[in-house]
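Me: I have a model open and would like to learn how to read it. Could you walk me through a few features?

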Amino acid sequence: NSDSQSAREPLPYPSKSALNMRVRQLIQVAASRPAEVTQDELDITFLRKYKMSRQELEVRAKLMGMGLQHLCFLKTQFDLFDQDQSGRISASELRSLFQKLGEDITESSLAEAVHELDADQSGEIEFFEFVDWFTAK
């Protein structure tokens with residue numbers, strides 16, 4: 001299995017479970033961060049942009065099965081790929097994310113991934129769509 005993948009041929013759209021494992025690895029890295037998220041970090045990362053209270057964000061994080069520090073960590077990772085700082089990831093930005101995760105996908109697979117991740121069918125992936133998809137059971 002790993003021998004065929006080591007040739008680095010473009011893979012079909014990576015399975016949800018494979019990508020879930022990669023994101024869970026990112027969450028484990030985040031677990032090494034301080035457990036408490038500062039108010040400044042929340043203000044910069046979420047509250048101003050999404051007009052949410054800390055309590056609303058804590059509820060959302062809990063529903064997603066993660067702590068606030070994990071959600072903030074994933075947001076900082078998401079923002080690294082949001083090259084135009086629009087708050088959304090385009091298809092080309094999503095390709096960069098897959099490449100960071102070690103996945104090389106075809107154009108048709110990329111289009112399929114955008115379609116699956118983009119719950120509101122806006123053509124771009126918003127942060128909470130991204131997290132909802134990866135944390136879905």
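Me: Let me start with one residue. In which helix is Arg60 found?

Reply: Happy to help! Keep in mind that this is a predicted model. A good habit is to place a residue in its element before looking at its surroundings. Here, Arg60 belongs to helix α4, which covers residues 54–63.

Me: Is Arg60 buried, exposed or partly exposed?

Reply: The idea is to look at relative accessible area, where values under 20% count as buried and over 50% as exposed. Arg60 has a relative accessible area of 29%, so it is partly exposed.

Me: Which residues is Arg60 in contact with, once its neighbours within four places in sequence are left aside?

Reply: Setting those neighbours aside shows what the fold brings together. For Arg60, the partners are Met52, Phe128 and Asp132. Take Phe128: it sits 68 residues from Arg60 along the chain, with 9.4 Å between their C-alpha atoms.

Me: What about the protein chain as a whole?

Reply: Start with the elements in order. The protein chain has eight helices and two strands, arranged as α-α-α-α-α-β-α-α-β-α along the sequence. Then ask how far apart contacting residues lie: of the contacts between residues at least 6 apart in sequence, 61% join residues at least 24 apart. As for burial, 42% of the 137 residues count as buried. The accessible surface comes to about 7800 Å², and carbon and sulfur atoms account for 53% of that.

Me: How many of the 14 residues of α5 are buried?

Reply: Counting buried residues tells you how a helix sits in its surroundings. In α5 the count is eleven of 14, so this helix is largely enclosed by the rest of the structure. Among the buried ones are Leu71, Phe73, Phe78 and Phe81, but also Gln69, His70 and Lys75.

Me: What span should helix α5 have at 1.5 Å a residue?

Reply: This is a handy geometry check. For the 14 residues of α5 (residues 68–81), the expected span is 20 Å, and the end C-alpha atoms are 20 Å apart, which agrees.

Me: And how do I describe a pair of helices?

Reply: Two packed helices are described by the angle between their axes and the distance between the axes. For α3 (residues 39–50) and α5, the axes come within 10 Å and cross at roughly 75 degrees. The two helices are therefore roughly perpendicular to each other. On the α3 side, the contact involves Glu41, Leu42, Thr45, Phe46, Lys49 and Tyr50, while α5 supplies Leu68, Leu71, Cys72 and Lys75. Sorted by class, that contact has six nonpolar, one polar and three charged residues.

Terms used. Residues are numbered from 1 along each chain as its sequence is written. This is a predicted model: local features need pLDDT of at least 70, side-chain atom pairs count only at pLDDT 80 or more; totals for chains, interfaces and linings use all residues. Side-chain values use heavy atoms; hydrogens and water are left out. Helices (H or I, at least four residues) and strands (E, at least two) are DSSP runs, numbered from the N terminus. Buried means under 20% relative accessible area, exposed over 50%, partly exposed in between (1.4 Å probe, protein chains only). Contact means heavy atoms within 4.5 Å. Accessible areas come from the Shrake-Rupley method with a 1.4 Å probe; for residues, only the protein chains shown count as cover. The expected span of a helix is 1.5 Å times one less than its number of residues. Axes are lines fitted to C-alpha atoms, for helices over the stretch in contact, and angles run from 0 to 180 degrees between N-to-C directions. Angles under 35 degrees count as roughly parallel, over 145 as roughly antiparallel, 65 to 115 as roughly perpendicular and the rest as oblique. Ala, Val, Leu, Ile, Met, Phe, Trp, Tyr, Cys and Pro count as nonpolar, Asp, Glu, Lys and Arg as charged, and the others, Gly among them, as polar.
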